[in-house]
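Visitor: I am new to reading protein structures, and I would like to learn how the labels are chosen. Could you walk me through a few?

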Amino acid sequence: MNSDPLLYPLRHIDAVRQSDSLWNWAQNAQLGKQHQLHRPENEAALQQLLAQHSGKVRVLGSRLAPGRMLSVAEDDLLLDLSGLSGLLHSDAETVTFGGGTLLKTLYNTLTGMDRMLASSPGVIAIQTLAGAMATGTHGQGLQQSSLADEALRIRMVLADGSIREFDHDDPDFSAAQVSLGALGIVTAITLRTQPFRVFTCHKKAVSDANLERDLLHWNNDYELSKAWWFIDDNLMHVWNAHQATPEEQQRWQQNHNMVVEHAHKGDSRLNNTLDQTLAHMHRDTQIHGKGGKQFRTVTRFRDFTDVTGDIYQLFCRGIAVPQINVEIGVALERTPAVISQIKHWYAENRPHMHYPIILRCTGPSAAWLSPASQQPTCFFGFVVYYADDGSLSQEGLHFLTEVEKLLAAEGGRPHWGKYYDPQRYVWREIYPQWDAFRAVRDALDPQRKFSNDYITALFD
């Protein structure tokens, strides 16, 4: 079992309440002190702040990422970019938003304009636009990739306070798309849009016996696909979505543009498995009864039915609960073999399953540091929720550790905004443009103003 406090830190609930320190959202890492936080009201103020400050700088964002990405030393700065948010410009095909805009604001604004992004959303919408892009945030579906791949222009304030705008003709654009905050401060992003559409999501429970083949079929046959693997019961819960028919869209509109369920009585075939999963989660988190938002991430699968709604209503449905979340992307062509390895490993070891394995696939990304860079990718996601006292299930963590070893050995690339063990990866071997990114960083931030221990360990 792995209780490494650097990889899987415990929550410090009491310390957060009594401290003037800034903590990340999960309350498992101190980022800095309150006096280090600055909120520039506009881009000019940010330029002046960066030009005058000689120490290091990191952006607070929504604080969802592991604390090691954000933390700064005592004399350094943390930036709150909420003053640089909102819609800045739009035309028939594009929108430009401030980097500090929350994704939920972006999605709501686009919906009101009868527009949408081509990229499917991730499950959480309280991220900032710049933060989600910088870490390679993605949704599900082989016809699209990460949020960063919808960017047409990226406006950035550099270490000396100057402005740099990257577009598709810029040789450094692919570095700026997923930058880990290591190149500069993103203040504005222009995104391509497409006409608003409504989708119907077909939900089903099936055996995992042919998962190696089925996963590829689901993703090739449907525009959007997501699956939860209840490996204890050899069972899959699958969501496959395509554009709604005119009749289905009309029903959605008649329902005041709210999600329409296709059946009055839902399918109960998953209910026994859900009961077993909930029992594991209750024991691991020491939470009794029905309380706890983390349990709603499972109970919503009970008595499931097909539904019609817009892409955000259907897929951006995450419930923000402090957790250790590990997600590793594997080349799609290697995915069937990896699934077989996981099955074999599970049959031999029978590890403790805290939560189902989440499977989402995307098309290739143009961003140099995207986990889906240059190849269609299947992301394997694993979750362990915190107990009420801030502890973590050691059996659950053991599962995360062992399965990450397996995926890393297959050339897996971890999601930057989630938890992973850096000792498992040789970055230059799994990212063909790793040295190219380092060269861009050397040129844009030679003094390492946007560095910290985390960034330094990666690139220096």
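Visitor: What makes the contact between D460 and R448 a salt bridge?

Guide: First, a friendly note: this is a predicted model. The closest N and O atoms of D460 and R448 are 3.4 Å apart. A salt bridge needs a Lys or Arg side-chain nitrogen within 4 Å of an Asp or Glu carboxyl oxygen, so the pair D460 and R448 qualifies.

Visitor: Which parts of the chain does that pair tie together?

Guide: D460 lies in the segment after α15 (453-459), and R448 in the loop between α14 (434-444) and α15, so parts 12 residues apart in sequence are tied together. Through shared partners, salt bridges also join R441, D442, R448 and D460 into one network.

Visitor: How do you know whether D460 is buried or exposed?

Guide: The relative accessible area of D460 is 52%. Exposed means over 50%, so D460 is exposed. Its partner R448 has 19%; buried means under 20%, so R448 is buried.

Visitor: Why is the contact of K418 with E327 called a salt bridge?

Guide: Their closest N and O atoms are 3.1 Å apart, and the cut-off is 4 Å, so the name fits. K418 sits in the loop between β21 (413-414) and α13 (427-430) and E327 in strand β18 (residues 323-331), so this bridge ties parts 91 residues apart in sequence.

Visitor: Why do K418 and E327 count as buried?

Guide: K418 has 16% relative accessibility and E327 has a relative accessible area of 3%. Buried means under 20%, so both values earn the label.

Visitor: How many salt bridges are there by this rule?

Guide: The count comes to 21 salt bridges. One of them joins the side chains of E223 and R197, at 2.6 Å from N to O.

Visitor: What makes Y420 and W427 an edge-to-face aromatic pair?

Guide: Their ring centres are 5.8 Å apart, with 85° between the planes. Rings pair within 6.5 Å, and planes over 60 degrees apart count as edge-to-face, so both tests are passed. Y420 is buried at 2% relative accessibility, and W427 is buried at 9%.

Visitor: Why is the pair of W427 and Y431 called tilted?

Guide: The angle between their planes is 35°. Stacked needs under 30 degrees and edge-to-face over 60, so this pair is tilted. W427, Y420 and Y431 are among the members of one aromatic cluster.

Conventions:
Residues are numbered from 1 along each chain as its sequence is written. This is a predicted model: local features need pLDDT of at least 70, side-chain atom pairs count only at pLDDT 80 or more; totals for chains, interfaces and linings use all residues. Side-chain values use heavy atoms; hydrogens and water are left out. Helices (H or I, at least four residues) and strands (E, at least two) are DSSP runs, numbered from the N terminus. Buried means under 20% relative accessible area, exposed over 50%, partly exposed in between (1.4 Å probe, protein chains only). Rings of Phe, Tyr and Trp (its six-membered ring) pair if their centres lie within 6.5 Å; planes under 30 degrees apart count as stacked, over 60 as edge-to-face and the rest as tilted.
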